[in-house]
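Notebook open, viewer loaded. I want to look up the overall layout first, then a couple of residues and a pocket.

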Amino acid sequence: GWGLVYKENHEEDIMQDDMTIKKVRIDEQSTFLDAAQGKCPANGLWIGGQRFTITQTGDETIMQDDMTIKKVKVVFAKRPKQGLYIIPTTSQIVLAMYDEEKGASQNAGNCKKAALAFAEYLIHNGL
């Protein structure tokens, strides 16, 4: 359940630009919200106690019920054999994750397709 997507505030050793290690307090909610708002979290994106690297941000289009096109922000982040998509809608934030070790169907392409479909559903329902 929640352990996959959330860990209480905690400290992690983070390598600094000068190659020294510094203990940093990680607030996963803040890193998630920063990423959803298109910002790059200072100490990386943390989900479920795991650090993800944001590798791509951009816009995708979703067709609305009235046949108009709505652009949504899409954030892609990954770590070895895992990845996630973050898509904010009007009042919700979609988080879709995949783990390649859990099966061949868990991959970036399928994850993005499912995340966009769910975001489209939420937008069609005013969320």
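These are my entries, from the whole chain down to single side chains.

**Entry 1: the chain.** I noted up front that this is a predicted model. I counted elements next: the protein chain has two helices and seven strands. Walking along the sequence, I read the order as β-β-α-β-β-β-β-β-α. For extent, I took the C-alpha trace along its principal axes and got about 55 × 30 × 25 Å. I also checked burial, and 31% of the 127 residues come out as buried. Then I looked at contacts between residues at least 6 apart in sequence; of these, 37% join residues at least 24 apart.

**Entry 2: Glu12.** I went to strand β1, residues 10-15, where Glu12 sits. Which side chain of opposite charge is nearest to Glu12? I found Lys7, 4.5 Å away. Glu12 is buried and has no salt bridge; the cut-off for one is 4 Å between a Lys or Arg side-chain nitrogen and a carboxyl oxygen, so Lys7 at 4.5 Å does not make it. What I did find is a polar contact of 3.2 Å between the side chains of Glu12 and His10. Setting aside neighbours within four places in sequence, I listed the contacts of Glu12: Lys7, Lys22, Lys23, Val24, Ile26, Trp46 and Gly49.

**Entry 3: Gln50.** I hopped over to strand β4, which holds Gln50. How far apart in space are Gln50 and Glu12? I get 10 Å, C-alpha to C-alpha, for a pair 38 residues apart in sequence. Gln50 has 32% relative accessibility, so I filed this residue as partly exposed. With neighbours within four places in sequence left out, Gln50 touches Glu28, Leu45 and Arg79. I looked closer at Arg79, and a polar contact of 2.8 Å joins its side chain to that of Gln50.

**Entry 4: the largest pocket.** I pulled up the largest pocket and wrote down a volume of about 280 Å³. Which elements give two or more residues to its lining? They are β4 (50-63), β6 (82-88) and β7 (93-99). I noted that β7 gives the most, with three residues. The lining has 15 residues in total, and the ones nearest the pocket centre are Leu4, Gln82, Met97, Tyr98 and Asp99.

Note on methods
Residues are numbered from 1 along each chain as its sequence is written. This is a predicted model: local features need pLDDT of at least 70, side-chain atom pairs count only at pLDDT 80 or more; totals for chains, interfaces and linings use all residues. Side-chain values use heavy atoms; hydrogens and water are left out. Helices (H or I, at least four residues) and strands (E, at least two) are DSSP runs, numbered from the N terminus. Buried means under 20% relative accessible area, exposed over 50%, partly exposed in between (1.4 Å probe, protein chains only). Lys and Arg count as positive and Asp and Glu as negative; His and the chain ends are not counted. A polar contact is a pair of N or O atoms within 3.5 Å; within protein, one must be able to donate a hydrogen and the other to accept it, and residues adjacent in sequence count only if both atoms are side-chain atoms. Contact means heavy atoms within 4.5 Å. On a 1 Å grid over the protein atoms alone, a cavity is a set of points where a 1.4 Å probe fits but cannot get out, and a pocket is an open set with protein on both sides within 12 Å along at least five of seven lines; lining residues have an atom within 4 Å of a point. Grid points are joined across faces, edges and corners, and a volume is the space filled by probe spheres set on the points.
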